[in-house]
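Here is a quick tour for anyone about to set up calculations on this protein. Have the viewer open and follow along section by section.

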Amino acid sequence: MSPFRFLAALSAALLCLLSLPARADLRVVASVPDLAALAKEVGGDKVRVITLALPTQDPHFVDAKPNLALELNRADLLLAIGLQLEIGWLPTLQNGARNPRILSGSPGYMEVSPFIRPLEIPPTAVDRSQGDVHPGGNPHFLYDPRNAVKVAQGLADRMVTLDPQNADTYRANLARFIAQVDKARAGWEQRLTGMKGVPVVAYHRTTAYLADWLGFTTIAYLEPKPGIPPNPAHVAQVLGQSRQLKARMVLQEDYYPNTTARLVSNKIPAPLVVMPAGTDVRGGQTYFQRLDELVRRLENGLKGQGT
Ligand SMILES: [Zn+2]
């Protein structure tokens, strides 16, 4: 082996070692990928983080597989969004994990929704006939980076409580994350000023916080009720509204089938923008990169380009 190749191999091996956490002091399990990404930002190399739902999975309906319960059995901290997003699958896993540290009420279980101001709280009592409505408000709040910062602050406090030895690291990581997001946010907002007042059609009610942040208006949803797939009569109605109000974009997550959205997008016509549904933490993506990708796709949508 030439000296150059030897050095290249050595540095590759070192890089490999460096990218592994030295020793994880906290085992964190997050219900959804964005939450795992935020836990990674704050925890850095002091934590081992895994996500239960993948970015390709609808977070309302995750298959509660036994291998997930095994991860929970060894966890020091279980993170959930709350507002009943995970109500259909997480309690089963949590109770089946035989781990008292992560049961509700224990310091090792935390829902992060109390750190944000929920939108779309139903004015009256809800029942299942209205679809998958969340009585405490809309749980899709990590589309707004301002909420991600608030959640990261809450995570840091909890990690400090559970693992005070590494308090300085958690606080320093938090400060770096907040600075990074705050700086990027100004750029994102500038690139998307054109979104203000823009009428859009969305598949599911995941756009509430994004609309609140960027100032666009969701004029209709392809789902007739949250969690209920589109049907022809409803789609015809949405199409009528979209033409009347001149919808500029159709938005949906990549985990939903896109046949209906594509049809509506062609008929309006307006670009279909597929939103990354969560951070690809397993692929090494960060929350910052996921938001940056979302901004890029919306920016293309404003130029008339679909995803
Ligand atoms: Zn939802």
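## The loop with P269

P269 sits in the loop that links α9 (259-267) to β8 (272-275). What is the geometry of the peptide bond from I268 to P269? That bond is cis, and its omega is near -15°. Keep in mind that this is a predicted model, so the angles quoted here are read from predicted coordinates.

As background, most peptide bonds are trans, and most residues other than glycine have a negative phi. The second half of that rule is handy for the next stop.

## Two positive phi values

L83 is not a glycine, yet its phi is positive, at about 55°. You'll find L83 in the loop between β3 and α4 (90-96). Is L83 buried or exposed? L83 counts as buried because it has 23 C-beta neighbours inside 10 Å, and the cut-off for that label is 20 or more.

K246 is another residue other than glycine with a positive phi, here near 55°. K246 belongs to the loop between α8 (232-244) and β7 (249-253). Its surroundings are another matter: K246 has 11 C-beta neighbours inside 10 Å, so it counts as exposed. The label exposed applies at 12 or fewer.

## A four-stranded parallel sheet

Now for the open sheet. Its four strands come in the order β2-β1-β3-β4, and the pairing is parallel. Which strands are at the edges? Those are β2 and β4 (109-111), each of which pairs on one side only. Direction ignored, neighbouring strands in this sheet are turned against each other by 20° on average.

Strand β1 covers residues 26-30 and is mostly tucked away, with four of its five residues buried. On one pairing, β1 runs parallel to β2 (residues 47-51), and five bridges join the two. On the other, β1 pairs with β3 (residues 77-80), again in the parallel sense, over three bridges.

A30 is a good residue to click on here. In β2, A30 stands opposite T51, while in β3 its bridge partner is L79. V28 also reaches into β3, where its bridge partner is L77.

## The helix over the sheet

How does the chain get from β1 to β2? It goes through α2, making a β-α-β crossover that is right-handed. Helix α2 lies across β1, β2 and β3. Against β2, α2 runs at about 170°.

## Where the two domains meet

Zooming out, the domain assignment splits the protein into domain 1 (23-187) and domain 2 (193-302). Their C-alpha centres lie 24 Å apart. At the interface, 32 residues of domain 1 are in contact with 24 residues of domain 2.

Which elements give two or more residues to the domain 1 side of that contact? They are α2 (33-43), α5 (145-162) and α6 (167-191). Helix α2 gives the most, with seven residues, and this is the helix already met lying across β1, β2 and β3. If you care about chemistry, the side of domain 1 that touches domain 2 has 14 nonpolar, ten polar and eight charged residues.

## Two helix residues to look up

R171 is in helix α6. What does its neighbour count say about R171? There are 15 C-beta neighbours inside 10 Å, so R171 counts as partly exposed. C-alpha to C-alpha, R171 is 9.5 Å from M159 in space, and the two are twelve residues apart in sequence.

A233 is in helix α8. With 8 C-beta neighbours inside 10 Å, A233 counts as exposed. If you want a long-range pair to check your distance script, try A233 and E41: they are 192 residues apart in sequence and 45 Å apart in space, C-alpha to C-alpha.

Note on methods: Residues are numbered from 1 along each chain as its sequence is written. This is a predicted model: local features need pLDDT of at least 70, side-chain atom pairs count only at pLDDT 80 or more; totals for chains, interfaces and linings use all residues. Domain bounds come from an automatic or database domain assignment. Two residues are in contact if their C-beta atoms, placed from the backbone, lie within 7 Å. Ala, Val, Leu, Ile, Met, Phe, Trp, Tyr, Cys and Pro count as nonpolar, Asp, Glu, Lys and Arg as charged, and the others, Gly among them, as polar. Two strands pair if DSSP finds at least two bridges between them. A crossover is right-handed if, with the strands pointing away from the viewer, the path from the first strand over the helix to the second runs clockwise. Axes are lines fitted to C-alpha atoms, for helices over the stretch in contact, and angles run from 0 to 180 degrees between N-to-C directions.
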